[in-house]
Amino acid sequence: MLDRRAAIGALLADRRDLLVVAGLGSTTYDLASLGDDDRNFYLWGAMGGAAMIGLGLALAKPNLRVVVVTGDGEMLMGMGSLATIGVQKPKNLAVVMFDNGHYGETGMQASHTQGGVDLVSVANVLGRLCDVCRSTKEVERFDDAGEVARFVVDDVDHDLASRRVSESASQRGLVAAALRVGFLVVSCLFVSDELWLMG
Amino acid sequence: MSEPGSPAPTWPDEIFAVLRRSEIRQVGYVPDAGHARLIERCRAEPAMKAVVLTTEEEGIGLAAGAWLGGQRAALLMQSSGVGNCINMLSLAKSCRFPLLLLVTMRGEWAEFNPWQVPMGSITEASLRLADVTTHRVDEAASAAETVAAAADLAFNGELAVAVLIGQRLIGRKRWVE
């Protein structure tokens, strides 16, 4: 499993002009933990809205890259937005969903992804080419994504120390892969010291 | 929708002209009979991106993203869709994003579907509770100027503003295959 915060750090390590929208909860804290940036937009509410904010921004700024980083719970509340994005297909928008299988903000209750719901399949059915950094077989489709995707998979398979993600991965490659496929699911391990009980 | 046999109303085209003059670049909508003509015009306009939504609350996020990227958005919805937006309106309020909603009313004039009445009867009160300023349009002659005033108030006054278009103006629903 991947360490979520390290994985987001890897994703954004060489962000250059990347605009980032972070969904309610842990992904907002993760983004802030990397240091504030004028190109960040953090949500601490409006659950289910992150992907649509990314879409509006991507349509307004077609020459800039936009990445939405959000969790499985936030994405589940905005499932219809995957269909809306699937119709627009902006080339400069990627939704990277960090799937830890839990609702972190309310006390780590199980999310639907633990109950057999596969958001990658959902997004694929809705017309986007999607992929997941979860197993070697699934990531073979990242033909030109290079080392990053494979590294992430190796990390999952062999349970390597999470810090190796940021040390070894070609971060630009991960962003490029995310933008190419449009929707990327990164399976993450819950990090216990990041538990937030906000009710 | 006009009365059967009457000429097509021009107020939707006048509202479209106002949206163009107001430099609206993104239009989020859920398909709606009352807004059908306006949606058609927006979809055909190269300077606008018409974004079909699965639910109206998506539009609140879309408009926020557009504003972050330097563009103005308008959202077209039915009164029932206002109910779908309530929590997402906190995004506009918390961040002081401007918002322009054009709402076709249901459940208030010659309504044939009782399911439209509960939300239609609380649409304006719900918007006001959510700190959205409301303007009403009941006559075709005032539609364009009301939308123009709402756009100025939204984007220059930095407010969330909704224009409620009365069901009497929209007219009785004309069923089509």
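Here is a short chat about how two chains meet, a pocket and a salt bridge in a predicted model.

Author: Residues are numbered from 1 along each chain as its sequence is written, and chains are lettered from A and ligands numbered from 1 in the order in which they are written. As the model is predicted, local features need pLDDT of at least 70 and side-chain atom pairs count only at pLDDT 80 or more, while totals for chains, interfaces and linings use all residues; side-chain values use heavy atoms, with hydrogens and water left out.

Reader: What makes the pair D17(A) and R65(A) a salt bridge?

Author: The term asks for a side-chain nitrogen of Lys or Arg within 4 Å of a carboxyl oxygen of Asp or Glu. Here the N to O distance is 3.3 Å, so the pair fits the rule. D17(A) sits in the loop between α1 (4-12) and β2 (19-22) of chain A, and R65(A) in the loop between α3 (50-60) and β4 (66-71) of chain A, so the pair ties together parts 48 residues apart in sequence. (Helices are DSSP runs of H or I, at least four residues, and strands runs of E, at least two, numbered from the N terminus.)

Reader: How many salt bridges does the rule count over all chains, and how many between chain B and chain A?

Author: Twelve over all chains, but zero between chain B and chain A.

Reader: Which elements of chain B touch chain A?

Author: β2 (49-52), α3 (57-68) and α5 (89-95) of chain B each supply at least two residues. α3(B) gives the most, with seven.

Reader: How many residues are in the contact?

Author: Contact means heavy atoms within 4.5 Å, and that takes in 22 residues from chain B and 20 from chain A.

Reader: What is the buried area between them?

Author: About 1500 Å², 70% of it on carbon and sulfur atoms. That's the accessible area (1.4 Å probe) lost on putting the two parts together, summed over both.

Reader: And which residues lie nearest the centre of the largest pocket?

Author: L24(A), G25(A), S26(A), G104(A) and E105(A), out of 19 lining residues. A pocket is an open set of points on a 1 Å grid over the protein atoms alone, where a 1.4 Å probe fits, with protein on both sides within 12 Å along at least five of seven lines; lining residues have an atom within 4 Å of a point. α4(A) gives the most to this lining, with three residues.
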